[in-house]
Structures are given as structure tokens and as C-alpha cells.
Amino acid sequence: MDYIGWTVIETQFDPSELHHKETLFTLGNGYLGTRGTFEEGYAGASPATLIHGVYDDVPVMHTELVNCPDWLSLSIIIGSERFSLDQGQILSYQRQLDLRWGILSRDVRWRSPVGHTVNFHFERMISMADEHVLVVRCQVTPVDFEGAIQVEASINTQPDNQGVKHWECLHQDGTERRISFHMRCIHSGIELGMATRLTCSEKDARVKVTGSPDRPTLTATFQAHPEQTVTLEKVVTVFTSRDVSSPAKAAQEHLANLPNYATLLAAHGAVWDELWRDCDVAIKGDSTAQIAVRYNLFQLLAAAPRHDDRVSIPAKTLSGFAYRGHVFWDTEIFILPFLTLTQPLVARNLLSYRYYTLEGARRKAHEAGYEGAMFAWESATTGDEVTPRWVTGAGGELVRIWCGDIELHINADVAYAVWHYWQATDDNDWMRSRGAEIILDTAVFWGSRVEWNGDRRCYEIRDVIGPDENHERVDNNTFTNRMAQWHLEIALSVLKWLREYDSQGAAELERRLDLTPERLKRWAHIVRHMLVLHDSETDLIEQFDGFFNLEDVNWADYESRTKSMQAILGIEGANQRQVLKQPDVLMLLYLLRESALQTRLSLSEYQHTLTTNWDYYTPRTDHTYGSSLGPAIQAILACNLDKSAEAYEHFMRAALVDLKDVRGNASEGIHGASTGGVWQAVVFGFAGVRLTETGPVIEASHLPPSWTGLQFRLRWHDQWYDFDLARTKDRTEVKVLKTGNRAEEAGLYAEGWTEFETSLNTQPSTCPIPVATYPSCSIV
């Protein structure tokens, strides 16, 4: 792979990397995503087009995001020989993803088995300006022959999800140069309409409808001449019954009214231009880090729903089948900070998804015997739990999955994202109408889930799984306990605000959620007496009850491994050892680093707490093959501790997870959490941004040695803050441009940079916010 500017380039066709590259070259527009399969198709390929919210039931797995009809197919027959990279001779080859404008293109010079040489240029666009429009464009230029060329533009109307069928065809139609069809999901009943046309620049070309019911095809035939380029355009429109009442009709009518390709391309590029203006991170001095960061942001923006507030971003975005398109905490904790501070309207959409799934969360809590709302660990359409209870292990045995039952921290994770969105946007109307209910009803759950331990004189949360999923069914996981405590604390704060902002609305919500004075008093008591396993003498925080008693391992014995420690030791073996999938305690210290409610420790005390726990938990973490969620957070904390080399190592492990397939599983889809985590590592780690009540500031930066400059934007309370960091020999100069609305920005940009604030520093920053310690209950 090569990287030039904004472009990711593949210079060699390698069938062994087929699935990795399918993920790598995924395109999307916030409505749908399409894996980067080849137009001509290859044996063993894994094509997929996934549309937000289009789920269907499947045995054992509950429900999954459905693989929609494959619209990419474009086969070219030169004489009697079909173009294929695994036949004939590849004279030159280059496939490139233009991140700047979201275009995937390919240039091939190919010689057929009988000696015909042809140049091909393929171009693919999933429109950001019109989310229902997809285009494949191909230019064919014969080099040394003339004769008949046939192009077949097909659509596979019966795709499957790794062998599982989801579609039934309701109707299909075909006329000259156009075909359309109407499909329905077998179980969910969601309908889909798709229409396509094929145009050819050769005026004498004949286009007709061919193919089969499962693979309707438009076939163009024309006479080719040496050095004369013929351009073919396959334009596709797609709608579902989630969008319109008659998706097939909508697809047909929309196709009939589309402008030419140049107009579609210009509109598409204009949207990307605007997105990059607000979201780009520009790095000077490190081209690999630069392309990696932009690639991650590209995939995040391509998956973010801009016009739908009833869907969210799955863990593998819209790029693969892993995790069945289910939504995890990845979205709230790793992805949403980027969107909240650059695309707040999109962030609001994602949080509104949680509001619309509250009923499912309430059903889950009730079925488990608790009150309030208990968010699903894996969520789909309704918010009901869709985590499979059993999966088949590597040896064919059934493995019980407990996450859907007892990985409870998702409740606090969602509340955390809601709270921080509100702090950053001051969106009181959304908070009043939706956010407050999310925070308060999920807090009701915690009030019913905690248990009082009379011997310890503390509240406990027993039988849970924390973020470190190597350890199941543990008691008093510190991450879970402390985040629940924080959740109840801010719930009380939110209710107080709501009573002042909208007393009538507050009274109605209190009545509906049964927020009695007794319940609120209990919340306050839980906050004061929650068990947090922090030893004030050593400053060490125990991950859960009994963790320190588990067996340690000699990591030197596993230096040459190529898989996770859990895979090597087995589920029970890892459960009995101090081997972490990701370090809960360090993640907790990161999340609560700037909580306005937490002022109990000084900066130096926090730094000592972080150092102590970093030194203990970092060597026990499986950084290479454990959780992909961990490295970006490790990078930020390493910056806080002025560990420059370690910070950069962790950062690049996250940034290259898909570009270079560093974990060997990129074929399953984009690592969605890493896309957002990488941005957090740059902004909160290397740049050293802190979010304060008056806006984002930089007290001290930690640019890697090779970085000579860094630029990015943040949006806070409807104002933009443009950060420009420049490294000189012995210091980093920070400039901040603060602007208001779009009209003001236009004027300021025309005049050039205005220095709003300048700071010079060489010292590392410290994070002021510790894990809470309440003397009555936290020391064990």
C-alpha cells in the first residue's frame, strides 16, 4: 500500500488480501455502506451493501443488519473473453481511494489470454449529496484491436448474510436501458426498491434487458476501435420502506430525474468539502500518521447517519458482517466525542436513537427483575437485547455469552455521552425533551440494581462484566461501580436543572418515572456509599473484588504469539489470571478526567493515581490482540504521563488497525471504535485539549517528535475554535482562532488566521479529575 496526500493506493492485485481490501475500500454516505469488492467479481469475495436500520431476524443471533442487493456488478467481455484479473496478464494496476472526495477508482492495463490489450478506468461514488444515489463509471480503451465489446450491468437480488437469506422478491420490471425491482425482508417486512440504468457514450451501442430473475442485467454491446475510449455509466437509486411508503416507485421516479454524472459528482464533492473543512486533522511531518487519521475520519463520517435519528453506528460501521450490525458502547464512548465537537447535529441523531430505544431498555430491565431502563449490550431496531446467548467456539462447542445479561456499564456509557453532548452544545431543548429522560430512567435502573452490604457498610454491584471481557461474572467491577455512582450524581443534577428550566415538564417526568423524594434520597445515599476499590495508602485501584489474588503470567513466554491471550489460555484460563483484554481502571481514569462534579484530588494527586495504576495495569494488558478499543485511550494516558514513545506506539496501533490490518481481522469490517478513538488520541492526547466551562483550551501539548505541526477544529456552544500547533526547536506554539456563525467564519477565513490566544509550553499537562474516593466506603 502507498499513501500520497489524501489518497490510499493499492499497486498490486493480491487475491490473498481480497477480504481485507474489501473492508479497506468501503464507501458510504451515512445512509448505506458498500464493501470494496471488484465490479467484475471473484470467487470467495464477500460483497455487502448495508443500509442503516434494515434489520431482519435470524435464528440464534436474534437479528442482523441485512445484506442488500449487490448493485456493483459490471462485467466486460472483450470479444469472447471476460475481463478478469486472475486471467490473462496485468500490465499495470492501481486502485485508489480519494479520501478528499470519497471516490474509489481503479486503472488497469490488461492483456487478454489471446493478446488483446485494453485500458480500463473504473470510478465508484456513493453520493453524499443524495444518499439514495450510487454510481459505477467505467471507461474502456482498446489499445491494439477492434471488435465487439459487451458490458453486463447486473444486480444480484438474492444476496445473503454468510449463507442466511433475508429477501423475497415482490416485483421486477425491465425496459430499455433500465431495470427495477421491489424486495421485502422475510421476517421484519422492511421493503426495498432499487432501480438502475446503463448509459454508453458510443452512440451506436445497443442496450437490452437480459439476465435472470435473481440477477437482472442490462447488457450493452458496441464496436470498439483502437485508442477510442467508450464510457459506460451505471446509476442506481435505492429506497426502503423506512424512508418512503412506496420504495420501488420512489426509486424509479428518482432515477428518471437525476442529472448527469458531472453534476452528481460536483454535488457529492461539495458535501465532502464542507465536512473536511470542519472535521479535518492536518498533521505536518508524519505522512503515515496523516493518512491514517484522515482514513479513520473518512470511514467514521461515511457511516454517520446525517438524516436519520432512529439509527446508530454499528461496531463494524456499515462495512462487514461481524457483530451482525449491532450497536455497542463503541458509539457513545469512542465515536460520539468526535461528532459532538465537530458535527453536533449528527451526534444528536445518534443520541436520539437511544431515546427511541428506551422502551426496549425498559422491557429488558423488567424482564430481568429491575426497574427503570436497562440498555441492551447489543442493540438493533427496538432496543431489546440482541446479544446471542450462545455462540459456537473454535472447537465446535457452545459458549455461553453473558454480556447481554450482565455487562451493565452500557447504561452509564449512554448517560455519559448525553451529558457531554449537552455540556458541549448547550442544547437545552433536546436535553429537556429527550436527554433528561434517558439519564433519569437509566438511573432508576441503578437504584434497583445495587445491593447494600451491611458488613462493608457500602453499596455493591455483584455479578457483572466490565469493559475487560476477559473476566466474567465478577463482583464490584470498579469501572461499573464508579460509573454508576457518577451516573446517579449527574442524574440528580439534571433533575435539579430540569425543575428550573421546565418545571411543568419536570413534574410530568417525575410522575411518569416515579421519581419520588424517597427514590431521590436513596440515589444520594448510594452516591455517598458506593464501593470503589481504591486503596488510599498505595493509590492502587483494584479492577474488581479479588483481582489482585488472581495468578499473574510471564508475558515473555508469549512473545511470539499471533492471537489473543484469551484464545491461547481459553476463556476460563484468562478468567483466572491477571490478563486484561483492556484495562478498565485506566479507561475509568480517562473518562472521569474532567468531570465538573469531581474536585476531590489535586493535579499532583491525580497524576500519582494515574501513574500508580498505569504501572500496574499496562504490563498486564494484551495490547496487540486484546481489544481494539484500548490502544487509543492508552495513547492519551501515555501523553498525560509524558511517555512520548509509548503514546505514539499505542496511537499507531489504533490508527493502522484497518489500513495495515495490524490485528489480522480487518476483513470482518472497519473497527468503528478506533476511528473515533484515533481522533481523541490526537486532540485530547497529543494536542492536550481540555474541555472547560468556557470552552476548549490547551494547557500543554505532547506532539510526537516527528510532528512539526497540527491543525484541527472544535465546536463548542455554537462557536468554532480553530487550533494551530507549530513546533519549533524547543517549544510548541499554540494559536486559537475563535469564530461564530457561518457568516462570521466566511469573513475571518477570507482575511486569514487571527491569533486569539497564544501559549508557549514544553511541559506535559496533567489531568485534574480522579476516580472518586468516599472515606466511608471506598477503602478495602
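**View 1. Five strands side by side in an open sheet.** In this predicted model, 5 strands line up as β8-β7-β13-β20-β19 to form an open sheet with antiparallel pairing. The edges belong to β8 (81-82) and β19 (206-212), each of which pairs on one side only. As background for this view, strands of a sheet pair through backbone hydrogen bonds, either parallel or antiparallel.

**View 2. A closer look at β19 and its partner β20.** Here the edge strand β19 is joined to β20 (residues 215-224) by 7 bridges, and the two strands run antiparallel. If you would like one pair to zoom in on, try R206, whose bridge partner in β20 is T221.

**View 3. Helices α19 and α20 packed together.** Helix α19 (residues 644-655) packs against helix α20 (residues 672-686) at about 155 degrees, and their axes lie 9 Å apart. Because angles over 145 degrees count as roughly antiparallel, α19 is roughly antiparallel to α20. The crossing of α19 past α20 is left-handed. On the α19 side, the contact involves A647, Y648, F651, A654 and A655, which meet S674, V678, A681, V682 and F686 of α20. Sorted by class, this contact has 9 nonpolar residues, 1 polar residue and no charged ones.

**View 4. Y370 and its surroundings.** Y370 sits in the loop between α7 (358-368) and β23 (390-392). Its relative accessible area is 28%, so Y370 is partly exposed. Leaving out residues up to four places away in sequence, Y370 touches A365, F445, S448 and R449. You can also find V444 here: it is 74 residues from Y370 in sequence, with 9.0 Å between their C-alpha atoms.

Methods: Residues are numbered from 1 along each chain as its sequence is written. This is a predicted model: local features need pLDDT of at least 70, side-chain atom pairs count only at pLDDT 80 or more; totals for chains, interfaces and linings use all residues. Side-chain values use heavy atoms; hydrogens and water are left out. Two strands pair if DSSP finds at least two bridges between them. Helices (H or I, at least four residues) and strands (E, at least two) are DSSP runs, numbered from the N terminus. Axes are lines fitted to C-alpha atoms, for helices over the stretch in contact, and angles run from 0 to 180 degrees between N-to-C directions. Angles under 35 degrees count as roughly parallel, over 145 as roughly antiparallel, 65 to 115 as roughly perpendicular and the rest as oblique. A crossing is left-handed if the near helix is turned anticlockwise from the far one by less than a right angle, and right-handed if clockwise. Contact means heavy atoms within 4.5 Å. Ala, Val, Leu, Ile, Met, Phe, Trp, Tyr, Cys and Pro count as nonpolar, Asp, Glu, Lys and Arg as charged, and the others, Gly among them, as polar. Buried means under 20% relative accessible area, exposed over 50%, partly exposed in between (1.4 Å probe, protein chains only).
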